[in-house]
Amino acid sequence: MEIKKYIKLWWFFARMTTKVAFQSRFGAIVFLIGKLLRFVFFLIFLILLLTKTNVIAGYSFWQVIFFFATFNLLDTIPQLLWREVYRFRTYVARGFFDYILIKPVSPLFRSLFGGSDILDFSILLISVIFLVYAAGKIDITVFGVIGYLLLLVNALLISLSFHIFVLAMGILTTEVDNAIMLYRDLTQMGRLPVDIYLEPIRGFLTFVIPVGIMMTFPPKVMMGLLSGTMLIIAFLIGISLFLFSLFFWNYAMRRYASVSS
Amino acid sequence: MRKYFLIIVNMWDEIFTYRLSFAMWRLRNVFQLLTIYFLWASLIPKQSVLFGYSQSLMLTYVIGTSFLSAVILSTRTYEIGDNINSGNLSALLLKPINYFGYWFAKDIGDKLVNISFSLVELFLLFFLLRPPLFLQTDIVPLLFFIITICLGILLYFCIGSLLGMIGFWSPEVWAPRFIFFILIGFFAGILFPLDIFPKPIFNILQLLPFPYLLFFPLKVYLGQLSMPEILKGISISVIWIFSLTYIMVLVWRKGLRMYTAYGN
Amino acid sequence: MVISVSNLSKYYTTHKKDAGLLGSIKSFIARKYETIKAVENISFTIGEGELVGFIGPNGAGKTTTLKCLSGLLYPTSGRVSVLGFTPYERNHTFLKQISLVMGQKNQLWWDLPVIESIQLQKEIYSITDEKYKKTLSELTELLEIADLLSVQVKKLSLGQRMKCELLAAIIHTPRVLFLDEPTIGLDVVMQKKLREFIKEYNKHYMATIMLTSHYMKDVEALCKRVIIINHGTLLYDGQLSDLVKKHAPYKIIKVILDKYIDPKKLAPLSEVLYFSYPELVLRVSQKNIGKVATKILDKFPVENITIEDPDIEQVIREVFTKQKR
């Protein structure tokens with residue numbers, strides 16, 4: 001019952017946000033073009049690389065492309081769903097956050113999902129098409145696909161944890177903008193499989209800042225290159241991060257209610 | 001002259017007020033550097049060569065772009081748009097200060113702060129990573145290196161100011177700037193040196209202003225350009241600087257007329 | 001009792017930092033913490049349908065108290081109960097029955113027509129279509145904003161915007177309404193209109209309303225009962241009229257004289273507050289008012305005479321100064 005209400009609410013927020021975005025049509029289109037360009041440019045870079053080196057860390061051309069396509073999807077979905085996080089600093093600074101707290105809606109939900117721009121769906125669509133196309137060019141198994149989808153969900157869970165963490169930081173310090181961009185910078189490292197990095201960096205990127213788990217593991221399981229142990233570790237880390245982020249959020253809320261003035 | 005100096009000093013104050021924000025910004029820069037550094041270190045292992053670059057040359061290039069970003073790409077010109085839209089421009093116009101001089105001074109201040117921190121970060125990274133740096137010792141490339149840096153600073157200032165002046169016509173100042181960030185990210189050579197492009201494409205790219213921000217100065221430093229090539233590059237960047245400055249002044253006059261007509 | 005507050009205290013700890021570089025370093029090494037007592041041991045109860053004014057100068061603790069009552073802040077000690085709920089638990093059933101309006105802080109979406117934000121409220125508060133239609137038409141009529149609903153918020157004047165913000169805040173017909181400086185920044189006409197609306201709303205919907213303001217006119221016009229707070233402590237809780245009787249048992253006589261008279265002749269009568277021919281203002285204690293008024297009319301060439309109650313603002317200011325023992 002509650003879930004239905006929240007989905008309906010999300011859709012309502014999304015419609016309103018999109019209407020606002022539409023008012024500055026020019027800006028909205030320019031942003032969309034920018035995002036597309038960013039994607040295309042890196043793709044060109046990859047193609048340039050692969051024409052000269054043929055193989056990167058043992059992966060074939062289409063496998064590398066598939067890694068990038070996975071990254072792209074995992075980069076697009078959070079920006080679509082949790083765009084509101086990018087606006088959070090102004091809410092806390094202007095006192096609008098109090099209005100969020102006073103409503104009978106979870107403030108975490110509101111701060112995460114309250115600003116989805118439906119126009120981003122176009123980018124999502126392109127990302128999915130590109131992903132499916134790349135997947136068609138490599139060897140996959142049914143088992144691999146199931147594992148892939150599960151790890152995608154796990155990756156989104158990790159991403160969600162980071163976003164919640166950033167929100168909590170925003171409440172405590174009002175420093176949100178650079179924090180969320182730092183998250184983006186870190187995840188960018190996953191545009192290529194983390195296997196290309198040497199140890200100890202690879203280990204660091206996989207387990208400490210779990211970019212590897214987010215971006216590299218799903219394609220690897222799709223290609224049958226991931227052990228069961230790693231799979232389990234991935235889920236454990238995903239769930240732990242999520243729980244920890246919720247804990248941190250609750251802590252931040254308590255601090256806000258004790259200290260805000 | 002003193003007032004411009006004060007503006008520069010003020011930047012330091014501002015940064016220290018927004019300590020956390022600035023610290024995170026520098027952290028981001030470090031991570032961006034590390035990302036590209038490790039990428040190329042893996043792509044070009046020791047002893048091998050890719051696209052005509054040895055590991056040492058490529059890593060020098062990467063570190064060079066990081067440092068030059070602080071020198072050339074740090075700017076405050078994005079505030080111009082907000083300045084116009086908020087109406088604060090009026091306050092500035094009343095002051096006995098040259099508008100472009102003001103923003104350029106702010107730029108220098110911002111650059112100085114970023115350069116200082118960049119140097120500290122690079123110093124630490126040298127200790128930790130021990131990159132195989134290529135140190136240019138020949139005085140001629142070094143001299144031209146300095147010249148191209150200065151040209152790069154002027155060039156970026158023009159681009160930044162023009163982007164900022166969009167504020168005269170639209171409240172949408174961030175969207176065009178966003179596109180430019182992306183264009184610069186690709187065409188200035190931050191991610192990779194531009195000459196990995198096939199020749200025909202590379203020749204076209206050389207006509208754009210972007211390569212002269214980071215790629216060209218570094219190529220000069222690395223000593224990989226012949227004198228004719230250096231002079232050709234300098235000429236193109238000078239042409240761009242003059243053209244953009246001319247446009248900048250025109251746009252400024254027109255925009256100012258509009259701004260004062262509406263009595264903002 | 002709809003609102004019940006017992007021994008509520010709210011303290012903040014902040015750290016003090018000296019100015020300059022040396023201060024930053026000092027504060028980095030050894031922070032000096034300071035406790036600010038925003039609210040100190042206040043207690044009161046408010047019944048259903050009451051319209052209570054909460055007065056105090058800036059920093060008195062009004063906003064802090066309202067935030068404790070609406071669940072935005074945890075009390076440091078004491079108990080707070082609103083509609084039977086503990087506010088800071090932020091129970092959704094509780095939140096659906098209250099509303100908080102903070103003057104000058106907006107919740108309407110800037111670029112969209114007003115009605116979109118109102119519809120969002122409908123969704124958030126789960127208002128039924130029927131109730132929504134009914135309340136919307138009643139309130140828009142009361143507020144006189146029916147033709148503003150389709151206008152973008154950014155195109156509204158400050159007064160119009162405030163009315164629409166009010167609509168958004170009460171579309172779910174809250175049983176308890178907290179108004180924090182609702183008339184701040186508005187022109188005199190708009191202030192009056194808003195006051196009339198609040199009065200109507202209180203009467204019509206029987207909502208319990210707590211209003212903070214430092215405009216005396218708001219309180220005078222709306223609230224029979226006032227709670228006065230300063231430096232976090234409660235100074236007075238009762239009828240406004242009793243306050244005047246208790247703290248300012250006098251009246252003001254304003255006289256316009258026909259002919260000039262020597263001010264020294266007036267002195268024995270009563271305290272002269274102001275004399276600049278032809279105006280004369282006297283302060284007279286309640287019990288002597290009849291005597292003095294008659295005497296003036298008898299003995300002096302009076303063109304006009306009025307007897308007024310003391311200025312409430314002045315009275316309250318005296319209550320504050322009395323507090324500074």
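**A tour of chain A and its contact with chain C**

Begin by selecting chain A, where buried residues, meaning those with 20 or more other C-beta atoms (placed from the backbone) within 10 Å of their own, make up 42% of the 261 residues. This is a predicted model, in which local features need pLDDT of at least 70 and side-chain atom pairs count only at pLDDT 80 or more, while totals for chains, interfaces and linings use all residues. Residues are numbered from 1 along each chain as its sequence is written, and chains are lettered from A in the order in which they are written.

Next, switch to a cartoon view of chain A, which shows twelve helices and zero strands, helices being DSSP runs of H or I with at least four residues and strands runs of E with at least two, numbered from the N terminus. The radius of gyration of chain A, taken over C-alpha atoms, is 19 Å, close to the 18 Å from the globule rule (2.2 Å times the number of residues to the power 0.38), so chain A is as compact as a globular protein of that length. Along its principal axes, the C-alpha trace of chain A spans about 60 × 45 × 35 Å.

Now select the contact between the chains, to which chain C and chain A each give 21 residues, two residues being in contact if their C-beta atoms lie within 7 Å. On the side of chain C that touches chain A, the elements giving two or more residues are helix 3 (92–95), strand 5 (98–102) and helix 4 (114–124), and helix 4 of chain C gives the most, with four residues.

How values were computed. Buried ≥ 20, exposed ≤ 12 C-beta atoms within 10 Å, placed from the backbone.
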